[in-house]
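This report looks at charged side-chain pairs and at the surroundings of one serine. The sequence and the model are shown first.

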Amino acid sequence: MSILSGGAFLLPPRGADLTRWAVVACDQYTSSPSYWEKLAGFVGDAPSTLDLICPEAFLSGADARLPGIAAASEKYAESWLVPYEGMALVRRSLPHGDRYGLVCLADLEAYSYEDGGALIRATEGTVLERIPPRMKVRAASRLDVPHVICLIDDPEGTVIEPLVGAGDPLYDFSLYTGGRLEGRLIKDTRAAERALGRLQKRAEEEGRPFVLVGDGNHSLAAAKAHYERLRAAGDRRAERARYALVEVENLRSGAVAFEPIHRILYNAGGFAEYVRGRAGGFTLISGGRETVLPGGGAVKAYEEAQAAIDEYIASYGGSVDYIHGEGELRALCAERGGVGLLMPALPKSELFAEVSERGRLPRKTFSMGEADEKRFYMESRDIGKP
């Protein structure tokens, strides 16, 4: 049996304003609180997944948001959301094509952000300090509302591709930032689960990962930690918390695009000189000038850049943020006087091989699309009253 399967999930009722319900992943626009403030103004009093998350731009004040998250999750679960059973085939319209995914359940017993031999693996190093605040949000909420995107390597297209056009319509609407999101209900999940089982068996026989977490690793890590805490306490909710709702996509799809994750350092005026000779493979932005520092490949560039950043901050202070999009990075460097690192893109064809060889990639090595192309919160799952 596959560690990815169909199950119960929840959606807003027919006729709901889905453009206000669905908001982008909480780990986007971390240096732009104004984005989230504008979004809150657009949402107003309408039911929204914005009520169920804490954007990372405000993560330092997460504790103050927990009562509101708890109350909203209880209200939505009890009297508003509608239950479905199966999987959701989702189609996201993007400038470079339609990206298909399958919303299903992932068994957290098979996932690890530490064990390089797990079937579901993190693609990058996990920042342990980022897990507790997310755990608090998950523990406060009755609903699992995911922005996690998992990747499978399915060269023959046996899982998702046969389902395109199948199933009953669930939703089709315009997103807040543009583009559309369509969902269809796959009630009979047996064919997909059999295909997933075959891919899983092949991965086990070859000693490589079956599923890689492409987006949302820290959220999935928090879900795992929350489940383990409930299990250790003998809490009845552990049975539900063992499974996390995720979207699965085929790495081989032409619409699955990898984008670089850039770096910006604040209050680190000496970093531009410090990094020269210590790292390369990226473009340094400092004082209104851009300088290409030569290097030897994408993964090495991320390793060297992150090592230099960590060493500098430990010795001299300052802070770092991770930015999606060249335009936003350049704007932040100009507006806030930061030192920027314009990073290269990792070829997606190298992902499974690199993770198999290294165990995991350096922190924040790639992003699945630009900020507005991330998964928008849509489906949810009842994981029990806190």
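## Arg 20 and its partner

Arg 20 is partly exposed in this predicted model, because its relative accessible area of 25% lies between the limits of 20% for buried and 50% for exposed residues. The side chain of Arg 20 meets that of Asp 17 in a salt bridge, with a nitrogen-to-oxygen distance of 2.8 Å. Asp 17 also falls in the partly exposed class, at a relative accessible area of 36%.

## Arg 180 and Asp 172

A salt bridge also joins Arg 180 to Asp 172, and here the closest N and O atoms are 3.1 Å apart. Arg 180 is partly exposed, with a relative accessibility of 35%, and Asp 172 is likewise classed as partly exposed, its relative accessible area being 45%.

## A link between two helices

In the salt bridge between Arg 358 and Glu 303, the closest N and O atoms lie 2.5 Å from each other. This pair connects distant parts of the chain, since Arg 358 belongs to helix H11 (residues 351-358) and Glu 303 to helix H9 (residues 298-316), with their positions 55 residues apart in the numbering.

Both ends of this bridge are partly exposed: Arg 358 has a relative accessibility of 39%, while Glu 303 has a relative accessible area of 36%.

## The wider set of salt bridges

When the whole structure is searched, 34 salt bridges are found. Some charged residues are joined in a network of salt bridges, which links the acidic residues Glu 74, Glu 78 and Asp 382 with the basic residues Arg 142, Arg 240 and Lys 385.

## The surroundings of Ser 112

Ser 112 is located in strand S5, which covers residues 111-112. Is this serine, Ser 112, buried or exposed? Ser 112 is buried, because its relative accessible area is 14%, and the limit for a buried residue is under 20%.

The side chain of Ser 112 reaches the backbone nitrogen of Glu 114 at a distance of 2.9 Å. Leaving aside residues up to four places away in sequence, Ser 112 touches Ala 118, Ile 120, Arg 121 and Ala 122. The picture of Ser 112 is therefore that of a buried residue with a side-chain approach to the backbone of Glu 114 and with contacts that include Ile 120 and Arg 121.

Methods
Residues numbered from 1 in each chain as written. Predicted model: local features only at pLDDT ≥ 70, side-chain atom pairs only at ≥ 80, totals over all residues. Heavy atoms only, no water. Salt bridge = Lys/Arg side-chain N within 4 Å of Asp/Glu carboxyl O. Buried < 20%, exposed > 50% of the residue type's maximum accessible area, 1.4 Å probe, protein only. Helix = DSSP H or I, 4+ residues; strand = E, 2+ residues; numbered from the N terminus. Polar contact = N/O pair within 3.5 Å; in protein donor to acceptor, adjacent residues only side chain to side chain. Contact = heavy atoms within 4.5 Å.
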